[in-house]
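This report describes a sheet and a group of aromatic side chains in a protein chain. The reader is invited to locate each named residue in the display while reading.

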Amino acid sequence: MNKSELIKRMSDRLEQLSVRDVDLAVHTMIEIMSDSLSSGDRIEIRGFGTFSNHYRKPRNVRNPKTGEVGIHKPGKFIPHFKPGKELKIRVDAARRLGVLTAPQEPLQQL
C-alpha cells in the first residue's frame, strides 16, 4: 500500500470527511512524525509499534564496482520501526488463516 492507496481507503471508511480532508490529515501526520524523528524523538503508537532512530557506526566498505577496499563511510542515524505486540499477533493470525504466505526458498544450484 502506498500513500495514495492509504488516503483512498481512509476516505472510503470515513464518509463524513472529504478526500481532501483525509489527504491533509495523512500528509500532516507524516510531516509531524518526520519532524519528531529528525529532532531525535521517539514515536510510540500503542498496538501498532515504535519508531526510533538507530545509530550506524562508521565503517570501511568496499566499492562493488571497482573492488576498491577501505572506503570510509561515516556514522549516521537511520529510522527504525519495531512492531508492537498486537500488530505481530494480527499479522501472524493472517498468516495462519492463509491470507499471507511465506516466501518460497530459492532452489539451491547443484
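One aromatic cluster is formed by Phe48, Phe51 and Phe81. The model in which this cluster appears is predicted. In total, the structure contains three aromatic pairs. One of them is made by Phe51 and Phe81, whose ring centres are 4.8 Å apart. The planes of these two rings enclose 45 degrees, and the pair counts as tilted because only planes under 30 degrees apart count as stacked and only those over 60 as edge-to-face.

Where along the chain do Phe51 and Phe81 lie? Phe51 belongs to strand E2 and Phe81 to strand E5, and the two are 30 residues apart, so that the pair links distant parts of the chain. Is Phe81 buried, exposed or partly exposed? Phe81 counts as partly exposed because its relative accessibility is 31%, a value that lies between the limits of 20% for buried and 50% for exposed.

The strands that carry this pair belong to an open sheet of three strands, arranged in the order E1-E2-E5 with antiparallel pairing. Strands E1 and E5 are the edge strands, each pairing on one side only. On average, neighbouring strands of this sheet are turned by 30 degrees against each other, direction ignored.

| Strand | Residues |
|---|---|
| E1 | 43-45 |
| E2 | 49-56 |
| E5 | 76-83 |

Strands E2 and E5 run antiparallel and are joined by eight bridges. Within this pairing, Tyr55 has Phe77 of E5 as its bridge partner.

Conventions: Residues numbered from 1 in each chain as written. Predicted model: local features only at pLDDT ≥ 70, side-chain atom pairs only at ≥ 80, totals over all residues. Heavy atoms only, no water. Pairing = 2+ DSSP bridges. Helix = DSSP H or I, 4+ residues; strand = E, 2+ residues; numbered from the N terminus. Axes fitted to C-alpha atoms, helices over the stretch in contact; angles between N-to-C directions. Phe/Tyr/Trp six-rings, centres within 6.5 Å; stacked < 30°, edge-to-face > 60°. Buried < 20%, exposed > 50% of the residue type's maximum accessible area, 1.4 Å probe, protein only.
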